[in-house]
Amino acid sequence: MPGGELEAAFVLHRRPYRETSLIVDFLTLNHGRLSAVARGAGRAGNRWQAELQPFHPLRLSWRGNRPLKTLTGSESTAPALNLKGNRLFCGFYLNELLQRLLTEAEPAPGLFSAYLNALEELTRADAPMEPILRRFEQYLATELGFGISWGQAMDTGNAVYSEGRYGFDPGRGVLETERGVVEGIAGWQLLALAGDDLSDPGVLRLAKQLMRYLMDHLLQGRPLHSRRLFSQKGVQ
């Protein structure tokens with residue numbers, strides 16, 4: 001990154017590299033996902049060791065034209081967002097989705113804002129976790145070109161009506177006459193999803209089921225390690 005302002009970023013994942021360095025995957029404001037070597041960051045006492053942590057608002061600089069950059073600067077812009085318990089697991093889930101699904105170096109400033117908003121909501125003890133996850137999943141799918149029109153059947157082009165029954169296929173969306181991986185969905189529930197209304201427990205359960213199919217479709221069979229945490233906690 002040549003000169004100028006440092007780039008707003010969050011750490012998505014980090015792993016050891018050689019003896020004293022780290023490879024860090026970042027979500028950045030204007031450059032999307034990128035990977036960089038943080039030289040010396042693996043040494044005890046190196047300031048990057050403590051600074052380059054998930055959920056810590058940062059500003060970065062880097063150099064290099066190859067996919068793997070070299071980190072040249074990092075500074076903290078605020079204390080790390082305080083995620084604990086199940087909310088911490090939710091944050092790891094969001095990070096893993098971004099790490100797995102985002103194309104490298106593809107700008108996504110709207111997604112960066114959606115991610116920050118989701119993390120900030122997760123810090124609020126009174127904010128239910130599942131609606132935060134479902135809304136972020138839907139925003140991510142839309143950014144990747146797989147957004148679902150909950151109010152329209154893709155096989156007929158007809159608008160969903162509340163008394164109808166519908167199917168769902170993650171590669172196509174809502175179906176009126178064709179079979180899907182989920183069938184018998186009430187039209188009023190789809191209209192609630194279309195209006196971003198997750199207040200009904202049944203609608204929230206449906207959103208969880210449908211978004212799981214959609215995320216699995218996007219992941220193309222690649223497992224998520226963060227789901228192992230949720231399997232015991234019953235959150236995701």
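Among the contacts in the chain with a separation of 6 or more, 55% are accounted for by residues 24 or more positions apart. The structure described here is a predicted model, and its chain contains seven helices and eight strands. Taken along the principal axes, the C-alpha atoms of the chain fill a box of roughly 60 × 35 × 30 Å. Of the 236 residues in the chain, 46% are buried, while the accessible surface comes to about 11,700 Å², with 49% of that surface belonging to carbon and sulfur atoms. The chain carries 27 positive and 25 negative side chains, and the centres of these two sets are 10 Å apart.

**The annotated span**

The UniProt record, an unreviewed entry, places the feature "domain: DNA replication/recombination mediator RecO N-terminal" at residues 8-78. In the model, this span is 56% strand and 7% helix, and its end C-alpha atoms lie 11 Å apart.

**Surroundings of S21**

S21 belongs to strand β2, which covers residues 21-28. With a relative accessibility of 9%, S21 counts as buried, because buried means under 20% relative accessible area. Leaving aside residues up to four places away in sequence, S21 touches R15, P16, V37, A38, R39, G40, A41 and G42. For one of these residues, G40, a polar link can be described in detail, since the side chain of S21 reaches the backbone nitrogen of G40 at 3.2 Å.

**Two residues with positive phi**

Most residues other than glycine have a negative phi. F55 has a phi near 70°, a positive value in a residue other than glycine, and Q220 likewise has a positive phi, near 55°. The table sets out where these residues are found and how accessible they are.

| Residue | Phi | Loop | Relative accessibility |
|---|---|---|---|
| F55 | near 70° | between α1 (47-51) and β4 (58-63) | 3%, buried |
| Q220 | near 55° | between α6 (201-219) and α7 (226-233) | 69%, exposed |

Is F55, in its loop, buried or exposed? At 3% relative accessibility F55 counts as buried, because the cut-off for that class is under 20%. Q220, which is in the loop between α6 and α7, has a relative accessible area of 69% and is therefore exposed, the cut-off for that class being over 50%.

Methods. Residues numbered from 1 in each chain as written. Predicted model: local features only at pLDDT ≥ 70, side-chain atom pairs only at ≥ 80, totals over all residues. Heavy atoms only, no water. UniProt positions renumbered as here; feature names shortened; annotations may be inferred. Helix = DSSP H or I, 4+ residues; strand = E, 2+ residues; numbered from the N terminus. Buried < 20%, exposed > 50% of the residue type's maximum accessible area, 1.4 Å probe, protein only. Polar contact = N/O pair within 3.5 Å; in protein donor to acceptor, adjacent residues only side chain to side chain. Contact = heavy atoms within 4.5 Å. Areas by Shrake-Rupley, 256 points an atom, 1.4 Å probe, with all protein chains shown as cover. Lys, Arg positive; Asp, Glu negative; His and termini not counted. Charge placed at Lys NZ, Arg CZ, Asp CG, Glu CD.
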